[in-house]
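Trainee: Could you take me through one part of this model closely? I would like to see how a single helix sits among its neighbours, and then how that part relates to the rest.

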Amino acid sequence: MSEVFEALLRPYDERRRAELVAAYTAVEHAAEPVPEVRFPALREPALRRTVEGMLALSGRTLVRSDRTKWISGYRDDVAAELARDPACVPSVRDRAVLTLVLIHSVAIPRAAGRLGDDSWLSPFPTPLDELRRRTQLPVGELDAALRRLRLAGLVSQVKAGSEDAGGFVPGPQFHRLTPAARRRLQEELILAAGPDSPLAAAIRARRRNREHDQGENT
Amino acid sequence: MSERPDEGGGVDPQVLARARARVLGVPSIDAAEPVPSGVRTASDGTRVWMLPEWPDGATPALLEEYDTAPMPLDRAGQARRVLAAALRCCWLRLDDAPWPGTPAPVGHVLEVYGGMTRGDADLARRWATGELRRLADTGWLLLDGDAGTVRPGPRTALWPEGSLASLRDLLRRLPHPPRPEEPGGE
């Protein structure tokens, strides 16, 4: 049945094999990073490398979180390839709505020092009214975009509580960004929010240099 | 960018094909097209749906054994009930596998669902209609908007036979779907 995995799993005895499969299944399907104490195949570096090999078969890799937790995400080179494929990229409307959520729930609180530097998850919901006003999308289209983003795990809905009005925060998929992907997203947000800032100029210069270097290497 | 400078287009095409299938959910191709290696497939004769290949038959249900929460689903209870109502209508030979099943009118599914819930019938129908669309978006059902019919989605082909017994019991206890309209019938 699962021939692709066989080459990687064959050398292991039954117990190890079950541990590898459990770790693989957990990082691929869990909502949040899973603690390595519960999964021997994530705790032991040699086994962890095999889990990584299993993930690599479909272009994925392990992402570490809080030092001792793990989840899976797309490898950077694979994500770059997929992003070139229009069928794999969310529509421009969905991306616009998601960007607004990231600005309100992450960028603004982070600039105010209320949110850590390297997280894309946030306890600060973006109110629906704000999304309505800023996107200028008809209500039906905004609702459809939010439905798709929720279904994809890119945003989560926060129900209105006694103190706040509720709204939308970045969804569980943001656990699955590699360090390089988190950095790139941070840069994109700076470019979007302050295109004329010195920081944006520095990012553009660095990217130009990198492209230049790559151009010379190939 | 990755830790090592990437070589540009260096991704194995089979790996990329599996990654692409994952991004797209449960994509389908014409039955005549080649299928990348390392994916499972479900076919209804004309189209082939690409499904994830899991090692040693492990399913996401394994998360329960480890007290680990799966990806959250809005209104999960309602989604399950609407899926059950749909299966009641389009998985008619319960001794067989649910896939590929038989198309059933959406109206029948809404009627079965209505029989499972209490309260405002109109509201229940509206909720269930939205839920059918979400279940179709995620490959649990196939909706044919023009014909107004629904049938089991390719993901149901991933259910291991050993896990179907309790589902069959559950479906037998649900309200009967309305009889299919036969020529000269009701």
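Mentor: Happy to; we will start with helix 3 of chain B, move out through its surroundings to the other chain, and end with two loops.

One caution before we begin: this is a predicted model.

Helix 3 of chain B covers residues 76-90. It has 15 residues, and from its first C-alpha to its last it reaches 21 Å, close to the 21 Å expected at 1.5 Å a residue. Look next at which of its residues are buried: Arg81(B), Val82(B), Leu83(B), Ala85(B), Ala86(B), Leu87(B), Arg88(B), Cys89(B) and Cys90(B). The cover over these buried residues includes helix 4 (106-116), helix 5 and helix 6 (164-172) of chain B, together with strand 4, strand 5 and strand 6 of chain B.

Take helix 5 of chain B from that list. A pair of packed helices is described by the angle and the distance between the axes. Here the axes of helix 3 and helix 5 of chain B come within 9 Å and cross at roughly 85°. An angle from 65 to 115 degrees counts as roughly perpendicular, and helix 3 and helix 5 of chain B are therefore roughly perpendicular to each other. From helix 3 of chain B, the contact draws on Gln78(B), Ala79(B), Val82(B), Leu83(B) and Ala86(B), while helix 5 of chain B brings Trp127(B), Ala128(B), Glu131(B), Leu132(B), Arg134(B) and Leu135(B). Sorted by class, this contact has 8 nonpolar, 1 polar and 2 charged residues. Val82(B), Leu83(B) and Ala86(B) are among the residues of this contact, and they are also among the buried residues of helix 3 of chain B.

Now the strands that help cover the helix. Strand 5 (residues 141-144) and strand 6 of chain B run antiparallel and are joined by 4 bridges. They form a hairpin with 4 residues between them, and Gly148(B) in the turn has a positive phi of about 70°. Asp144(B) has Thr149(B) of strand 6 of chain B as its bridge partner. Strand 6 (residues 149-152) of chain B also pairs with strand 4 (residues 104-105) of chain B, in the antiparallel sense and over 2 bridges. In that pairing Pro105(B) stands opposite Thr149(B).

Helix 5 of chain B leads us on to the other chain. In all, 36 residues of chain B are in contact with 36 residues of chain A. On the side of chain B that touches chain A, the elements giving two or more residues are helix 1 (13-24), helix 2 (62-65) and helix 5 (121-137) of chain B. Helix 1 of chain B gives the most, with 8 residues. By class, this side of chain B has 19 nonpolar, 8 polar and 9 charged residues.

Across in chain A there are 10 helices and 5 strands. Its C-alpha trace spans about 60 × 55 × 35 Å along the principal axes, and 33% of its 218 residues count as buried. Three of the strands form an open sheet in the order 1-3-2, with antiparallel pairing. Strand 1 (34-35) and strand 2 (60-65) of chain A are the edge strands. Strand 1 of chain A is joined to strand 3 (residues 69-74) of chain A by 2 bridges, and Val34(A) stands opposite Trp70(A). Helix 2 (residues 14-29) of chain A packs on this sheet and touches strand 1, strand 2 and strand 3 of chain A, its direction making about 70° with that of strand 3. This helix has 16 residues and reaches 22 Å from its first C-alpha to its last, close to the 22 Å expected. Its buried residues include Leu20(A), Val21(A), Tyr24(A) and His29(A).

Finally, the two loops. Thr117(B) is found between helix 4 and helix 5 of chain B. Because it has 17 C-beta neighbours inside 10 Å, Thr117(B) counts as partly exposed. In chain A, Pro86(A) lies in the loop between helix 5 (76-83) and helix 6 (92-111) of that chain. Pro86(A) is exposed, with 7 other C-beta atoms within 10 Å.

Methods:
Residues are numbered from 1 along each chain as its sequence is written. Chains are lettered from A and ligands numbered from 1 in the order in which they are written. This is a predicted model: local features need pLDDT of at least 70, side-chain atom pairs count only at pLDDT 80 or more; totals for chains, interfaces and linings use all residues. Two residues are in contact if their C-beta atoms, placed from the backbone, lie within 7 Å. Ala, Val, Leu, Ile, Met, Phe, Trp, Tyr, Cys and Pro count as nonpolar, Asp, Glu, Lys and Arg as charged, and the others, Gly among them, as polar. Axes are lines fitted to C-alpha atoms, for helices over the stretch in contact, and angles run from 0 to 180 degrees between N-to-C directions. Angles under 35 degrees count as roughly parallel, over 145 as roughly antiparallel, 65 to 115 as roughly perpendicular and the rest as oblique. Two strands pair if DSSP finds at least two bridges between them. A residue is buried if 20 or more other C-beta atoms lie within 10 Å of its own, exposed if 12 or fewer, and partly exposed in between; C-beta atoms are placed from the backbone. The expected span of a helix is 1.5 Å times one less than its number of residues.
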